[in-house]
Amino acid sequence: MSKIRWGLLSTANINRRVIPAIRESARGELVAVASRSQESAQAYADKWDIPLAFGSYEAMLASDAVDAVYIGLPNHLHAEWSIKAMQQGKHVLCEKPFALTLAVVDEMTAVSQQTGCYLAEAFMYRHHPQTKIVGEMMRNGRLGRVTVVRGVFNFAFSTRDNIRLVPEWGGGCLWDVGVYPLSFAQYVMGGPPQRVFGTQWLGESGVDEVFSGQMVYAGGAMAQISSSFCTPFHTQVEIIGTEGRLVLNRPFTGHNDGDRALMFYPKDGESEEIAVPEEELYLGEIEDLHTAVLDNKPQYLTLEETRNHVKTVLALYESARTGQVVSL
Ligand SMILES: NC(=O)c1ccc[n+]([C@@H]2O[C@H](COP(=O)([O-])OP(=O)(O)OC[C@H]3O[C@@H](n4cnc5c(N)ncnc54)[C@H](OP(=O)(O)O)[C@@H]3O)[C@@H](O)[C@H]2O)c1
């Protein structure tokens, strides 16, 4: 096998960001889309110039024409369809949040091990050069000892008809966008927190429409994250260390959405804008599957990290419900 033939499992809105990345990748080919009706699949295939259109997800998974699937379903369906895909021998790139309980994360991981299929959480920003530069700065000690990571991801809906507002579908702003600063903090800290405290505003929908979380890590470093469904678009990450402060104004979103400045403010001396190579935001997660499957390389974002993301979200929700600090 020298190429990976991709199928899109659903006609999700987010596909529009992943399709150009598959097409730009050196060894990926977009061959199929599946939808819950043949009409919808065919209309989507025509619009995006995709060769094969399947009128059910099962039909695409049964096809020998597809090697890997991208799963952009509502959150409560991620696990079910990832497992079905792997059982049909398909490699899986599954949207965040990966799953809504730890038991299900473990089940998905077990199926990946049993079938030998690649399985990864689609945190696209983790693969981008900007995020890797931050990792390099952490390793070479430029920030000194990290004391606090602060991160935010807010946006506001244009309509209320949205999968993110359905409680039993894994709705809520922490599951949807709070997971970005949360995962960034864990990337910087090198693991999950020891204890967390969360607070939320529940909307009329019954899901958290504002969520704020405080996390404490081994050694005492802290993270503060917030997310929202009802305030203007805003993303930022700030990493505060004893030797300086690093600010990412576009930590999670593409450069097409605005400036992508990475600024370092050292303890002594002038502030410095750090250059970030341009790269299609969704390309890295696609290439990671290719190198893992075709070159037998380890996947970059491990399932252990993914498990820690889910574990921390669940602890934050428990804390918000009970008003108590929760230990992990
Ligand atoms: N990584 C990122 O940058 C990013 C950005 C946005 C969203 N996401 C994630 O991607 C996922 C999809 O988000 P989205 O905004 O693209 O969703 P969306 O546009 O609402 O699409 C979800 C798709 O799921 C399918 N589906 C199956 N059962 C469904 C049901 N009961 N109700 C509604 N749709 C159902 C539908 O496809 P068919 O009708 O074709 O079957 C639908 O098009 C979410 O998990 C979200 O967290 C990730």
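**Exercise 1. Contacts of Ser-183**

Task: In this predicted model, find which residues Ser-183 is in contact with, leaving aside neighbours within four places in sequence. Then decide whether Ser-183 is buried or exposed.

Solution:
- Step 1. Locate the residue. Ser-183 sits in helix α7, residues 173–189.
- Step 2. Apply the contact cut-off, heavy atoms within 4.5 Å. With neighbours within four places in sequence left aside, the partners are Phe-123, Tyr-125 and His-309.
- Step 3. Check the accessible area. The relative value for Ser-183 is 1%. Buried means under 20%, so Ser-183 counts as buried.

**Exercise 2. The buried face of α6**

Task: List the buried residues of helix α6. State which elements they pack against, and say what follows the helix.

Solution:
- Step 1. Take the helix range, residues 129–139.
- Step 2. Pick out the buried positions: Pro-129, Gln-130, Thr-131, Ile-133, Val-134, Gly-135 and Met-137.
- Step 3. Recall the helix geometry. An α-helix has 3.6 residues a turn, so residues three or four places apart point the same way.
- Step 4. Find the packing partners. The buried residues of α6 pack against helix α7 and against β11 (230–241), β12 (244–248), β13 (262–266) and β14 (272–274).
- Step 5. Look past the helix end. Gly-141 follows α6, and its phi is positive, near 80°.

**Exercise 3. The contact between the domains**

Task: Describe the contact of domain 1 with domain 2 by residues, buried area and salt bridges.

Solution:
- Step 1. Set the bounds. Domain 1 spans 4–122, while domain 2 is made of 125–282 + 310–327.
- Step 2. Place the centres. The C-alpha centres of the two domains are 26 Å apart. Each side gives 16 residues to the contact.
- Step 3. Get the area. About 1400 Å² is buried between the domains, and 64% of that lies on carbon and sulfur atoms.
- Step 4. Rank the domain 1 side. Arg-17, Lys-96 and Leu-100 lose the most area to domain 2, together 36% of what that side buries.
- Step 5. Count the polar links. There is 1 salt bridge between the domains. Lys-96 forms a salt bridge with Asp-176, with the closest N and O atoms 3.4 Å apart. Polar contact across the interface involves 3 residue pairs.
- Step 6. Assign the elements of domain 1. Helices α1 (15–24) and α5 (102–115) each supply at least two residues to the side touching domain 2. The largest share, 5 residues, is from α1.
- Step 7. Sort that side by class. It holds 10 nonpolar, 3 polar and 3 charged residues.

Definitions and conventions: Residues numbered from 1 in each chain as written. Predicted model: local features only at pLDDT ≥ 70, side-chain atom pairs only at ≥ 80, totals over all residues. Heavy atoms only, no water. Domains from an automatic or database assignment. Buried area = accessible area lost by both parts, 1.4 Å probe. Salt bridge = Lys/Arg side-chain N within 4 Å of Asp/Glu carboxyl O. Polar contact = N/O pair within 3.5 Å; in protein donor to acceptor, adjacent residues only side chain to side chain. Helix = DSSP H or I, 4+ residues; strand = E, 2+ residues; numbered from the N terminus. Nonpolar A, V, L, I, M, F, W, Y, C, P; charged D, E, K, R; others polar. Buried < 20%, exposed > 50% of the residue type's maximum accessible area, 1.4 Å probe, protein only.
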